[in-house]
Amino acid sequence: MIHLSFYDWLGIGPMHFIGLQNYKELWGDKLWWDSMWHAGYITLIALLFQNPLAFALALACDREIRLKRFYRVVFFIPPVLSQLVVGLIWNWILNPECKTARASGF
């Protein structure tokens, strides 16, 4: 795929070799640099705050505390539930005979 970056091509028609011109344009593009800064900022925030907080919660749930199993379930449900919802939505989209899709108005 990297070889495509050396061509000027709209996806249809002939490809024209332009060498490093795309990279020269990218290097001078302020919007691209802003997006790189924002991506780095979000990564830094996640590394400094989100990951240590998650680790602290995991350590807290590993200790012998009251309602230990309840807290484990509460922290485990969101990732599982989001995957379940995505799977159901794709099922509704791709399966025209799905009864739950008609019942829910989709």
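Buried means under 20% relative accessible area, exposed means over 50%, and partly exposed is in between (1.4 Å probe, protein chains only). Keep that handy for the exercises below.

This is a predicted model, where local features need pLDDT of at least 70, side-chain atom pairs count only at pLDDT 80 or more, and totals for chains, interfaces and linings use all residues. Residues are numbered from 1 along each chain as its sequence is written, and side-chain values use heavy atoms, with hydrogens and water left out.

**Exercise 1. Confidence**

Find where in the chain confidence is lowest and where it is highest.

Step 1: Know the scale. pLDDT is the predictor's confidence in each residue, from 0 to 100.

Step 2: Start with the whole chain. Its average pLDDT is 85, and 92% of the residues score at least 70.

Step 3: Go element by element. Helices (H or I, at least four residues) and strands (E, at least two) are DSSP runs, numbered from the N terminus. Helix H4 (residues 99–103) has the lowest confidence, with a mean of 55, while strand E2 (residues 16–17) has the highest, at 92.

Step 4: Draw the lesson. Where pLDDT is low, don't read the predicted coordinates in detail.

**Exercise 2. Two rings, two strands**

Work out how the rings of Tyr 7 and Phe 17 are arranged, and classify each residue as buried, partly exposed or exposed.

Step 1: Check the rules. Rings of Phe, Tyr and Trp (its six-membered ring) pair if their centres lie within 6.5 Å; planes under 30 degrees apart are stacked, over 60 edge-to-face, and the rest tilted.

Step 2: Apply them. The structure holds 6 aromatic pairs. In one of them, Tyr 7 and Phe 17 sit 5.5 Å apart, centre to centre, with 75° between the planes, so the pair is edge-to-face.

Step 3: Place the partners. Tyr 7 belongs to strand E1 (residues 7–8) and Phe 17 to strand E2, so this pair links distant parts of the chain, 10 residues apart.

Step 4: Classify. Tyr 7 has 27% relative accessibility, so it's partly exposed. Phe 17 reaches 60%, so it's exposed.

Step 5: Try another pair. Trp 27 and Trp 33 are also edge-to-face, at 5.1 Å centre to centre and 85° between the planes. Trp 27 is exposed at 62%, and Trp 33 is partly exposed at 37%. Ring pairs join Trp 27, Trp 32 and Trp 33 into a cluster.

**Exercise 3. Two helices**

Decide how helix H2 runs relative to helix H3, and which residues make the contact.

Step 1: Get the geometry. The axes of H2 (residues 30–62) and H3 (residues 68–94) come within 9 Å and cross at roughly 150°. Axes are lines fitted to C-alpha atoms, for helices over the stretch in contact, and angles run from 0 to 180 degrees between N-to-C directions.

Step 2: Name the arrangement. Under 35 degrees is roughly parallel, over 145 roughly antiparallel, 65 to 115 roughly perpendicular, and the rest oblique. So H2 is roughly antiparallel to H3.

Step 3: List the contact (heavy atoms within 4.5 Å). H2 brings Leu 57, Cys 61 and Asp 62, and H3 brings Lys 68, Tyr 71, Arg 72 and Phe 75.

Step 4: Look at Lys 68. This residue of H3 is buried, with a relative accessible area of 16%. Leaving aside residues up to four places away in sequence, Lys 68 touches Cys 61, Asp 62 and Arg 63.
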